[in-house]
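Please open the structure in a viewer and keep the selection panel at hand. The stops below are meant to be followed in order.

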Amino acid sequence: MPRRASLAMIAAVAALASAPVARAHHSFFGRFDTSKVAELEGEVVELLWRNPHVYFTVRVADAAGTAVDWEIETSSLTVLKRMGIEEGAFKVGERVKVAGNPPAGDKKELYARHVLLPDGRELLLNVGLKPRWTSEALGDESLLMARNGDGSRPELGIFRVWSHTRAEARLFPEATDPNFDIQSYPLTDAARAALAKFDRATDNPTANCVPKGMPTIMEAPYPIEFLQEPDGNIVLAIEEYDLERRIRMSRGPPPEPPAPSPLGYSVGRWEGRTLAVATSRINWPYFSQLGIPQSGNVAIVERFTPSEDGSRLDYEMTVIDPATFTKPVVLKQYWLYLPEVRLMPYRCTAR
């Protein structure tokens with residue numbers, strides 16, 4: 001997008017209002033029922049430590065004594081490492097107890113939240129959990145989901161690693177809140193029809209390690225880092241999928257229009273402490289991982305504003321896509337500064 005058009009769009013977002021919110025229940029990506037917790041116990045017969053999710057299979061004896069294999073999915077290897085749970089915390093051949101969200105359908109699968117090890121220790125595999133069976137628990141979320149920032153380095157401005165938070169208001173509430181009604185977005189008739197055809201159980205847009213595009217990637221619950229390049233341009237490094245967004249800060253039009261891409265073409269400018277970024281030329285087909293479509297004409301305006309004490313980075317995203325929304329949608333979240341956090345290699349591995 002030419003710089004003049006980008007700046008006009010940035011100036012226009014101040015008057016835009018966010019979409020209304022309603023409430024209804026849905027399952028986690030259509031596969032797991034987040035309103036329930038089930039337990040099973042058996043032998044680990046297969047185990048894959050990797051991103052985007054750790055997988056293992058537990059062989060369980062049913063009421064008739066017949067062996068039944070349950071497929072277990074849980075957080076990513078990167079998340080578990082940051083919580084202090086290292087690869088090899090349990091192994092094939094060990095007998096474990098697992099608690100998690102049961103399947104929404106008939107498939108023998110579970111999304112694990114807790115694992116009880118043979119030595120009596122319990123693994124807490126996600127944030128916001130308390131030990132279920134024992135006080136001997138492993139799983140420190142403090143370096144994954146920050147509660148309080150450290151404002152000791154305000155002179156760094158935006159250029160540092162920022163950590164995700166435990167804030168309830170996530171950028172895309174439908175991704176984490178089972179009570180959020182995705183129909184509450186101001187969708188066009190065409191977008192509602194496309195959403196109705198989307199099967200959450202099978203139409204996963206990130207299956208087999210396909211990286212998320214804009215704007216979906218910005219909801220990732222992993223750290224991000226802003227880096228200054230020698231030419232004045234900015235790189236936004238995102239831990240999830242090891243992605244990098246380049247933000248063009250130099251004046252004048254680009255040498256030639258860049259080809260559309262999942263992350264699009266971003267042009268930025270400084271407004272005091274705020275980094276304002278306009279992104280266009282996006283060919284990622286989804287606004288939301290849960291099936292809201294996105295057209296090739298979508299335009300996104302972002303505002304990143306570090307607090308004066310350096311402890312917090314406030315974020316506002318405005319999505320303008322007349323093919324999908326009847327009015328612009330404004331989403332907000334924030335990150336916190338934890339000096340000890342560094343980006344870790346993601347190295348997604350397809351199943």
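Begin by selecting Arg160 and Tyr337: Arg160 lies over the face of the Tyr337 ring, 4.4 Å from the ring centre. The coordinates on display are those of a predicted model. A second arrangement of this kind appears on selecting Arg312 and Tyr334, where the charged end of Arg312 sits over the ring, 3.6 Å from its centre.

**The whole chain**

Now zoom out and show the protein as a cartoon. The secondary structure comes to 3 helices and 16 strands. Of the 351 residues, 48% count as buried. The protein exposes about 16000 Å², and carbon and sulfur atoms supply 50% of that area. Among contacts between residues at least 6 apart in sequence, 60% join residues at least 24 apart. Several of the stops that follow show links between separate parts of the chain.

**The disulfide**

Which two cysteines does the disulfide join? Select Cys209 and Cys348, whose sulfur atoms are 2.0 Å apart. The structure holds 1 disulfide. Because Cys209 lies in the loop between α3 (189–197) and β9 (224–228) and Cys348 in the segment after β16 (329–336), the pair ties together parts that are 139 residues apart in sequence. Viewed along the S-S bond, the link is left-handed, with -80° about that bond. Cys209 counts as buried because its relative accessibility is 17%, whereas Cys348, at 23%, counts as partly exposed. While Cys209 is selected, check its backbone: phi is near 65°, a positive value in a residue other than glycine.

**Elsewhere in the loop between α3 and β9**

Keep this loop on screen and select Asp203, which is also found between α3 and β9. Asp203 is partly exposed, with a relative accessible area of 31%. The side chain of Asp203 makes a polar contact with the side chain of Thr202, at 3.4 Å. Beyond its neighbours within four places in sequence, Asp203 is in contact with Lys197 and Phe198. Add Gly291 to the selection: the C-alpha atoms of Asp203 and Gly291 are separated by 8.1 Å, although the residues are 88 apart along the chain.

Next, select Met214 and Pro215, which are joined by a cis peptide bond with omega of about 5°. Pro215 has its place in the loop between α3 and β9. For another cis peptide bond, go to the step from Asn51 to Pro52, where omega is near 10°; Pro52 is in the loop between β1 (38–48) and β2 (55–61).

**Gln294 and its surroundings**

Return to Met214 and add Gln294, which lies in the loop between β13 (274–280) and β14 (299–306). Is Gln294 buried or exposed? At 9% relative accessibility, Gln294 counts as buried.

Display the polar atoms of the Gln294 side chain and follow them to two backbone oxygens. The backbone oxygen of Met214 lies 3.0 Å from a polar atom of this side chain, and the side chain also reaches the backbone oxygen of Trp284, at 2.9 Å. Then show the residues around Gln294. Leaving aside neighbours within four places in sequence, its contacts include Met214 and Pro215, the residues Trp284 and Phe287, and Asp321 and Thr324. Pro215, one of these contacts, follows the cis bond visited at the previous stop.

Before leaving the loop between β13 and β14, select Arg281, which is placed there as well. Phi of Arg281 is near 55°, a positive value in a residue other than glycine. Arg281 is partly exposed, with a relative accessible area of 30%.

**The aromatic cluster**

For the last stop, show the aromatic side chains; the structure holds 18 aromatic pairs. Select Phe287 and Phe325: their ring centres are 4.9 Å apart and their planes stand at 80°, so the pair is edge-to-face. Phe287 belongs to the loop between β13 and β14 and Phe325 to the loop between β15 (312–320) and β16, so this pair links distant parts of the chain, 38 residues apart. Both Phe287 and Phe325 are buried.

Which residues do ring pairs link into a cluster with Phe287 and Phe325? Add Phe172, Phe180 and Tyr185 to the selection to display the cluster. Phe287 also connects this stop to the preceding one, since it is among the contacts of Gln294.

Terms used: Residues are numbered from 1 along each chain as its sequence is written. This is a predicted model: local features need pLDDT of at least 70, side-chain atom pairs count only at pLDDT 80 or more; totals for chains, interfaces and linings use all residues. Side-chain values use heavy atoms; hydrogens and water are left out. Helices (H or I, at least four residues) and strands (E, at least two) are DSSP runs, numbered from the N terminus. Buried means under 20% relative accessible area, exposed over 50%, partly exposed in between (1.4 Å probe, protein chains only). A polar contact is a pair of N or O atoms within 3.5 Å; within protein, one must be able to donate a hydrogen and the other to accept it, and residues adjacent in sequence count only if both atoms are side-chain atoms. Contact means heavy atoms within 4.5 Å. A disulfide is a pair of cysteine sulfur atoms within 2.5 Å. Accessible areas come from the Shrake-Rupley method with a 1.4 Å probe; for residues, only the protein chains shown count as cover. Rings of Phe, Tyr and Trp (its six-membered ring) pair if their centres lie within 6.5 Å; planes under 30 degrees apart count as stacked, over 60 as edge-to-face and the rest as tilted. A charge sits over a ring if NZ of Lys or CZ of Arg is within 6 Å of the ring centre and within 35 degrees of the ring normal.
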